[in-house]
Amino acid sequence: MVSRVVIIGAGFGGLSAAKALARGPFDVTLIDRYNYHLFQPLLYQVATAALSPSDIASPIRAEFHRRPNVDVMLGNVSGIDSGRNEVIAEGERIPFDYLIVATGAQQSYFGHDDWAPYAPGLKGIDDAVSLRRRILLAFERAEIEPDPDERRRLLNFAVVGGGATGVELVGAIAELARHALASEFHNIDPRSARIVLVEAGPRILSQFDDELSQSAQRALERLGAEVRVGTEVTGCDDLGISMGRERIESRTVIWAAGVEASPAGTWLGADTDRAGRIKVGPDLSLPGKPHIFAIGDTAACVDAEGRRLPGVAPVAKQQGAYVASLISARAQGQSVPPFRYKDYGMLATIGRGYAVADLEGVKLSGFPAWLVWCFAHIYFLIGYRNRLIVMLNWAWSFVTFQRGARLITGIVGAQMTDLKEMPRAPSAQDPT
Ligand SMILES: Cc1cc2nc3c(=O)[nH]c(=O)nc-3n(C[C@H](O)[C@H](O)[C@H](O)COP(=O)(O)OP(=O)(O)OC[C@H]3O[C@@H](n4cnc5c(N)ncnc54)[C@H](O)[C@@H]3O)c2cc1C
């Protein structure tokens, strides 16, 4: 009998597993709550109007239309009945012989979930489009705002978290303000926008060595951004953020400070780490459940030296391919050695033309690193259309400093009703 493999999540891990299993004698069901695979590393470019959502997302069905043994199901998984080997989604029970859980991660506010409405994060397309609207609306509203305090608040942008996402966002917002929007307003000077990156640790990009981290900080400062390291955010509200006694008044606060695993650990009643990641064995299966695997951001996996593997796309992809090979090997009565992660290095970009890279010990910064960053991202994007469009967009932006996706969606009629999304502070000019 053909084994039924159910994969939950068509992100980097799930998609890589499904592609490998599609070539074998398996009935595969790939379930995702969206109908597209998302290239998260470029989400910040959608949030800052450099790319459109469809440039970094590709339909999951299109990947498997020539693979009759792979069923794609659009559905939100709400549980797993591991006693009966069934996944529960949209009121259906989907039986499996093997299960691969690849449901990724979600934003974490470290116990301060009440900050979420004031400091939205960036995990999906909806977040990116909503952030794009918030950022662009802040400039529009500043243009017509009579109260100087409120105008200043609108032109202050605070990003919390100095990892790659926070650094990339700050660089892109700084470029948007200093170049693309610079000469288009009559009452404000977008170049006067204050863009602050707040990081609790002693330096930004802590996964890189000190030299590259300092180089990234200097590059951000050259773009006119402020970098505040060793500064912990202690409060978030609709008027800005608090850092102990200090305040940054801002209408646009973005959270890039932390993630936690999807709730898959709870569905399985599995042993998890503090961030909710499922603890897996050397073959990525759950202890006592050799037919259930967790991979990518939702799994806590340590390497041979006992170090926890990072939550990055290459880990998820390699784990997906590994579990597929293990299932194939088992079908033939064979075994495979434990999972080993091959780390090719790290990259982070800071605006147009500057990046830092640590590639298997070869350290680069500046334009050469940026070229590597561009080629790596184009190469790993799914679909020839997306690769071509992203490449053309980048070339256009590089030459013109423009951003082609500056759409504020959701405005109704002549009134900027969306502006009401951002609660206004009472001002001296308000009649009340
Ligand atoms: C803004 C941002 C920038 C990043 N930049 C980089 C980078 O530059 N380089 C890098 O290597 N990594 C980067 N990462 C991290 C990288 O994207 C993740 O490590 C990677 O996506 C993990 O892959 P995954 O398969 O575990 O999860 P994901 O790729 O997140 O996929 C999870 C999938 O599961 C689906 N899902 C979740 N819950 C359910 C449910 N209940 N029912 C059905 N489907 C569900 C989701 O819709 C999603 O498609 C970035 C992440 C973010 C958010």
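**View 1. Who lines the ligand in this predicted model.** By class, the shell residues split into 12 nonpolar, 11 polar and 4 charged. There are 27 residues around the ligand, and the ones that come nearest are Gly13, Asp32, Gln40, Val77 and Asp297. As for helices, H1 and H9 each chip in at least two residues of the shell. H9 gives the largest share, with 3 residues.

**View 2. Polar atoms facing the ligand at Asn76, Val77 and Gly311.** Start with the ligand's nitrogen atoms: one sits 3.2 Å from an N or O atom in the side chain of Asn76. For Val77 it's the backbone that takes part, with an N or O atom 2.9 Å from a nitrogen atom of the ligand. Over at Gly311, a polar backbone atom is 3.1 Å from an oxygen atom of the ligand. How much of the ligand's area does the protein bury? On its own the ligand would expose 990 Å², and the protein buries 89% of that.

**View 3. Helix H1 crossing helix H9.** Here we look at H1 (residues 12-21) and H9 (residues 313-331), whose axes come within 7 Å and cross at roughly 30°. The crossing is right-handed. On the H1 side, the contact uses Phe12, Gly13, Ser16, Ala17, Ala20 and Leu21. H9 answers with Ala313, Ala316, Lys317, Gly320, Ala321, Ala324, Ile327 and Ser328. Sorted by class, that makes 9 nonpolar, 4 polar and 1 charged residues. Gly13 of H1 turns up in this contact and is also one of the residues that come nearest to the ligand.

How values were computed
Residues numbered from 1 in each chain as written. Predicted model: local features only at pLDDT ≥ 70, side-chain atom pairs only at ≥ 80, totals over all residues. Heavy atoms only, no water. Axes fitted to C-alpha atoms, helices over the stretch in contact; angles between N-to-C directions. Helix = DSSP H or I, 4+ residues; strand = E, 2+ residues; numbered from the N terminus. Left-handed = near helix turned anticlockwise from the far one by under 90°. Contact = heavy atoms within 4.5 Å. Nonpolar A, V, L, I, M, F, W, Y, C, P; charged D, E, K, R; others polar. Near = heavy atom within 4 Å. Polar contact = N/O pair within 3.5 Å; in protein donor to acceptor, adjacent residues only side chain to side chain. Areas by Shrake-Rupley, 256 points an atom, 1.4 Å probe, with all protein chains shown as cover.
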